[in-house]
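Q: I'm new to this one. Can you walk me through it?
A: Sure, let's put it up and go piece by piece.

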2 protein chains.
Amino acid sequence: MYSYTEENYLKAIYKLQEKNNDAINTNSIARVMSTTAASVTDMIKKLSDKKLLEYQKYKGVQLTESGKKTAIETVRKHRLWETFLHNKLNFLWDEVHDIAEQLEHIQSQTLIDKLDEYLGFPTHDPHGDPIPERNGIIKTSNYVLLSDMTLEKEGIISGVVNHSSLFLQHLQKIELTLGRLVKVIEINAFDLSLSIQLDKDQKIQISNEVARNILMKTK
Amino acid sequence: MYSYTEENYLKAIYKLQEKNNDAINTNSIARVMSTTAASVTDMIKKLSDKKLLEYQKYKGVQLTESGKKTAIETVRKHRLWETFLHNKLNFLWDEVHDIAEQLEHIQSQTLIDKLDEYLGFPTHDPHGDPIPERNGIIKTSNYVLLSDMTLEKEGIISGVVNHSSLFLQHLQKIELTLGRLVKVIEINAFDLSLSIQLDKDQKIQISNEVARNILMKTK
DNA sequence: AATAATTTTTAGTCTTGTCTAAAATTTTTT
DNA sequence: AAAAAATTTTAGACAAGACTAAAAATTATT
Ligand SMILES: [Mn+2]
Ligand SMILES: [Mn+2]
Ligand SMILES: [Mn+2]
Ligand SMILES: [Mn+2]
């Protein structure tokens with residue numbers, strides 16, 4: 001249906017729109033796509049012609065319903081493939097993203113349906129991100145940053161803000177992985193670093209930088 | 001490493017070379033690639049520059065070791081993905097080829113290694129074609145055409161010559177699937193159609209056209 | 001050996017997606 | 001409100017991969 005490149009642009013614009021309500025400007029798209037503003041202008045004209053987004057010169061862009069639908073489909077494919085790579089092929093959570101960037105462009109609705117079923121209709125990918133449903137609905141939860149949790153508060157590690165390999169590998173090393181129960185024992189006033197208890201037994205120290213990138217589900 | 005298109009050309013030339021020992025000419029490549037002779041000339045110049053094949057104007061092409069290696073890697077990926085689609089996702093044997101045509105271009109050696117292991121190091125794909133090993137070795141068997149089998153001879157259905165959906169669906173319908181034991185009961189002199197016995201109990205009639213496209217393993 | 005038919009290559013054009021440099025517009029600063 | 005800075009668009013060019021039409025080379029036929 002749409003090219004590899006078009007899908008990547010739509011996905012990038014969709015993700016920018018998620019955290020930024022107003023129209024998306026050319027430079028921010030160029031930044032996340034690692035390309036030039038001129039190339040972005042070229043592409044958004046094409047996407048606008050195809051009614052995938054609304055574009056006014058110098059005013060930025062906004063996805064149409066059709067553009068958003070396509071973007072969400074690509075995100076769904078990406079996260080299902082990440083889940084496959086992690087759950088079935090035993091890739092670590094920091095290794096799945098780059099391969100899924102390729103796999104998300106494979107075109108076959110049946111393939112995605114069957115993959116979804118094979119994986120047992122997962123709701124979240126290996127990073128805790130929600131997998132959009134077939135109909136485009138995304139069930140989001142309200143998570144709180146570990147850095148925003150108050151003393152003695154408990155929660156389950158449910159996602160990450162930063163998706164870089166470096167950060168994911170660090171979490172893996174200190175065993176701060178999805179699903180673990182965390183209780184805030186101490187908040188150090190000087191550097192806002194935390195002492196936390198993991199699953200009742202283990203006790204570790206983490207920096208505020210780390211805590212600011214972990215999403216928690218609390219009761 | 002190489003583009004989607006380059007990989008497809010190398011694979012096509014490799015397959016032509018398999019059944020035709022001498023140099024491969026432009027038109028035959030154009031035919032299997034469903035493109036024009038002019039486009040083929042353009043591409044073989046590029047592949048020649050990259051030392052993937054040897055090319056002399058008007059004399060056709062021949063893959064170099066490097067070109068052959070790349071082609072075999074692509075065939076390996078194609079057949080492993082077909083096996084995944086069939087064995088794990090329950091696609092029928094006539095549905096896997098088109099999707100594997102896309103999946104074979106995903107670039108990640110680790111992915112292929114892990115997929116191979118996950119599938120239990122399969123030796124043949126859903127059509128009975130051998131899966132090249134990681135080192136490029138292809139273990140071929142000598143099969144005989146069902147149409148060449150003599151009266152009372154027994155064998156196991158082990159592959160197909162024609163890979164079209166139409167033919168594969170037909171075999172599925174008459175239950176002539178891989179692994180079934182077949183015995184030739186009668187050869188009709190008029191049209192060379194066969195009466196065959198399937199797994200001791202069932203007896204069916206098949207045309208010579210069908211028999212000529214089935215590969216048998218005999219003792 | 002000359003002619004006809006076939007095959008292959010070249011020339012020129014197109015589309016997609018990219019780039020740099022320059023021009024136009026908008027936003028910020030004075 | 002003008003000038004300066006930043007952003008965005010346009011213009012022109014390029015590479016990959018494809019196509020058509022015409023020219024060149026090879027092969028087959030007489
Ligand atoms: Mn990802
Ligand atoms: Mn993810
Ligand atoms: Mn196939
Ligand atoms: Mn096959």
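Q: At what angle do the axes of H1 and H2 of chain B cross?
A: This is a predicted model. In it, the axes of helix H1 (residues 4-18) and helix H2 (residues 26-33) of chain B cross at roughly 115 degrees. They come within 10 Å.

Q: Is that crossing right-handed or left-handed?
A: H1(B) and H2(B) make a right-handed crossing.

Q: Which residues meet there?
A: H1(B) brings B:Asn8, B:Tyr9, B:Ala12, B:Ile13 and B:Leu16. H2(B) answers with B:Ser28, B:Ile29, B:Val32 and B:Met33.

Q: And how many of them are nonpolar, polar or charged?
A: Seven are nonpolar and two are polar in the contact of H1(B) with H2(B). None is charged.

Q: New topic, the DNA. How many residues surround strand C?
A: DNA strand C has 21 residues around it. The closest are A:Ser3, A:Thr35, A:Ser39, B:Tyr55 and B:Lys57.

Q: What part of the strand do they come up against?
A: Of the atoms of DNA strand C within 4 Å of the protein, 75% belong to sugar and phosphate.

Q: Which helices supply that surface?
A: H1 (4-18) and H3 (37-49) of chain A, plus H2 and H3 (37-49) of chain B. Each supplies at least two residues of the surface near DNA strand C.

Q: Which one gives the most?
A: H3(A), with five residues.

Q: What's the mix by class?
A: The surface near DNA strand C has nine polar, eight nonpolar and four charged residues.

Q: What lies 3.0 Å from a phosphate oxygen of strand C?
A: A polar side-chain atom of B:Thr26 does. A polar backbone atom of B:Tyr58 is also 3.0 Å from a phosphate oxygen of DNA strand C.

Q: How about B:Thr41? What is its side chain 2.9 Å from?
A: A phosphate oxygen of DNA strand C. The distance runs to an N or O atom in the side chain of B:Thr41.

Q: Back to the two chains. What rotation superposes A on B?
A: A rotation of 180 degrees, with 0.0 Å of shift along its axis. The RMSD is 0.1 Å. That is the relation of a two-fold axis.

Q: Which residue of chain A comes closest to the axis?
A: A:Leu103, with its C-alpha at 3.8 Å from the rotation axis.

Q: And what share of chain A's contact residues recur in chain B?
A: 100% of them recur in chain B. The same surface serves both copies.

Terms used: Residues numbered from 1 in each chain as written. Chains lettered and ligands numbered in written order. Predicted model: local features only at pLDDT ≥ 70, side-chain atom pairs only at ≥ 80, totals over all residues. Heavy atoms only, no water. Axes fitted to C-alpha atoms, helices over the stretch in contact; angles between N-to-C directions. Helix = DSSP H or I, 4+ residues; strand = E, 2+ residues; numbered from the N terminus. Left-handed = near helix turned anticlockwise from the far one by under 90°. Contact = heavy atoms within 4.5 Å. Nonpolar A, V, L, I, M, F, W, Y, C, P; charged D, E, K, R; others polar. Near = heavy atom within 4 Å. Polar contact = N/O pair within 3.5 Å; in protein donor to acceptor, adjacent residues only side chain to side chain. Least-squares fit on C-alpha atoms with pLDDT ≥ 70 in both.
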